[in-house]
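I opened the model to look up a few things and noted them in the order I checked them. The entries below follow the sheet, the loop and the ligand.

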Amino acid sequence: MPAENGQSENGGVETRNEGAVATGTRDLVQMYREMVLIRTFEEACQRSFRQGKIGGYLHVYTGEEAVAVGFLNAYREGDRVITAYRDHPHALLLGAEPKEVMAELYGKRTGLVKGKGGSMHLFNVEHGLMGGYGIVGGHIPVGVGMAYALKYEQTDHIVQLFLGDGAMSQGAFHEAANLAGLWGKSEMCPCLFIVENNQYGMGTSVERTTAMTDLAAKFNSYGIENEKVDGMDLEAVLECAHQAVDRVRESGKPYAVEAVTYRIAPHGAADFFEKYRTKEEIQEWEERDPIKIVEKKLRDAGDLDDDKVEEIENETKQQVDEAVKFADESEPPPEEELYSDVYAGEDEYMGEE
Ligand SMILES: Cc1ncc(C[n+]2csc(CCOP(=O)(O)OP(=O)(O)O)c2C)c(N)n1
């Protein structure tokens with residue numbers, strides 16, 4: 001078992017979960033692999049959606065991988081993570097198997113939440129993932145409340161609260177940030193806000209949504225210290241994430257990071273036309289593809305070569321192919337489970353009168 005701080009007894013660094021993807025190491029090659037796995041997974045589920053195999057809706061993380069990989073590397077067992085609907089990488093990084101995440105997207109009983117949550121509502125409470133939420137901004141007060149609860153229960157755990165740039169224009173954000181700042185004054189709000197500023201909320205750019213485009217600075221209004229980080233550069237994110245997590249844990253106060261990134265993929269799997277942005281703009285950002293950046297650094301340092309890249313690509317492809325096969329072959333939830341898991345506890349709905 002890994003120790004609390006992620007260090008093994010022999011001084012080496014261990015992985016935190018025995019899940020699909022390792023967190024808790026600072027091994028860049030391992031993190032490169034995590035990013036490739038996420039990219040491959042997202043491409044596969046987008047294909048499945050277009051083949052009509054996935055119902056509901058689906059949003060992928062393509063282009064933003066360095067943000068989740070970097071921040072969740074600083075996750076410690078017992079911490080909590082909450083995010084919106086672009087949540088597949090968070091589940092994978094916190095130890096869910098690709099096949100159970102894929103089966104969830106397919107609405108199958110073998111899925112992470114028994115096929116009842118779908119793409120936008122991934123949960124894995126045992127490993128700290130408190131959702132997956134489809135209502136823009138709706139999870140922000142929940143995350144802030146969880147941070148308060150962690151202090152109230154006298155733990156030294158923290159919440160990593162991921163949110164989109166668009167969510168910052170929701171009333172729920174402002175109410176929750178106000179309370180977070182206030183509770184922080186008495187060291188009762190260990191909440192790290194991580195803004196995944198991917199430049200767009202659906203088809204609307206940040207510039208068309210808010211007069212104040214410096215999103216990090218918005219947190220000043222609520223007495224929450226903040227910074228920006230280049231969300232395409234894994235090493236920069238990693239450095240920032242570890243410092244921010246330590247700071248929140250030690251102070252009991254909230255802190256905010258705006259990770260400047262880009263959604264290379266369409267907003268959702270059915271956003272075919274992308275009329276709100278130009279091909280040139282996408283190409284420009286693709287040149288700063290976070291996977292390419294870290295790959296180049298690793299090649300320059302002699303830690304990656306063609307053979308190793310091919311090996312990683314083959315392995316991750318195989319993992320994802322198996323996940324798709326597993327999801328394809330799994331059964332949907334049985335009809336008699338229609339009302340189970342609706343309320344907490346066993347008997348709340350179908351219990352005796
Ligand atoms: C309360 C609410 N209003 C509108 C929507 C429709 N909607 C879905 S995604 C989205 C954009 C949100 O953008 P952002 O928070 O930046 O997240 P991103 O999709 O860029 O990751 C909107 C408006 C919603 N889901 N919930």
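I count two strands as paired if DSSP finds at least two bridges between them. By that rule I took strand E3 (residues 191-197) and strand E7 (residues 255-260) as a pair, since six bridges join them and they run parallel. The model is a predicted one, and I read everything here with that in mind.

Sheet. Within the pairing of E3 and E7, I looked for the residue facing alanine 256 and found phenylalanine 193 opposite it. I then followed the strands outward and wrote down an open sheet of five, in the order E1-E2-E3-E7-E6, with parallel pairing. Which strands stand at the edges? I noted strand E1 (80-82) and strand E6 (226-230); each has a single partner strand, so one side of each is left without a neighbour in the sheet. I also took down the turn between neighbouring strands of this sheet, which is 20° on average with direction ignored.

Helix on the sheet. I checked what helix H2 (residues 65-72) lies across, and listed E1, strand E2 (159-164), E3 and E7. Against E2, helix H2 runs at about 170°.

Loop between H4 and H5. I searched the backbone for unusual torsions and stopped at two places. The peptide bond from glycine 131 to glycine 132 is cis, and I recorded an omega near 25°. I placed glycine 132 in the loop between helix H4 (98-105) and helix H5 (139-152). Lysine 114 lies in the loop between H4 and H5 as well. I flagged lysine 114 for a positive phi of about 60°, although it is not a glycine.

Ligand. Which residues come nearest to the ligand? Of the 15 around it, I listed Tyr85, Arg86, Gly166, Asn198 and Tyr200. I sorted the shell by residue class and got six nonpolar, seven polar and two charged. Next I looked at individual atoms. A polar side-chain atom of arginine 86 lies 2.7 Å from an oxygen atom of the ligand. For glycine 166, a backbone N or O atom lies 2.7 Å from a ligand oxygen atom. For asparagine 198, I noted a polar side-chain atom 2.9 Å from an oxygen atom of the ligand. Last, I looked up how much of the ligand is covered: taken alone the ligand exposes 580 Å², and the protein buries 71% of that.

Key. Residues are numbered from 1 along each chain as its sequence is written. This is a predicted model: local features need pLDDT of at least 70, side-chain atom pairs count only at pLDDT 80 or more; totals for chains, interfaces and linings use all residues. Side-chain values use heavy atoms; hydrogens and water are left out. A residue is near a molecule or strand if one of its heavy atoms lies within 4 Å of it. A polar contact is a pair of N or O atoms within 3.5 Å; within protein, one must be able to donate a hydrogen and the other to accept it, and residues adjacent in sequence count only if both atoms are side-chain atoms. Accessible areas come from the Shrake-Rupley method with a 1.4 Å probe; for residues, only the protein chains shown count as cover. Ala, Val, Leu, Ile, Met, Phe, Trp, Tyr, Cys and Pro count as nonpolar, Asp, Glu, Lys and Arg as charged, and the others, Gly among them, as polar. Helices (H or I, at least four residues) and strands (E, at least two) are DSSP runs, numbered from the N terminus. Axes are lines fitted to C-alpha atoms, for helices over the stretch in contact, and angles run from 0 to 180 degrees between N-to-C directions. Contact means heavy atoms within 4.5 Å.
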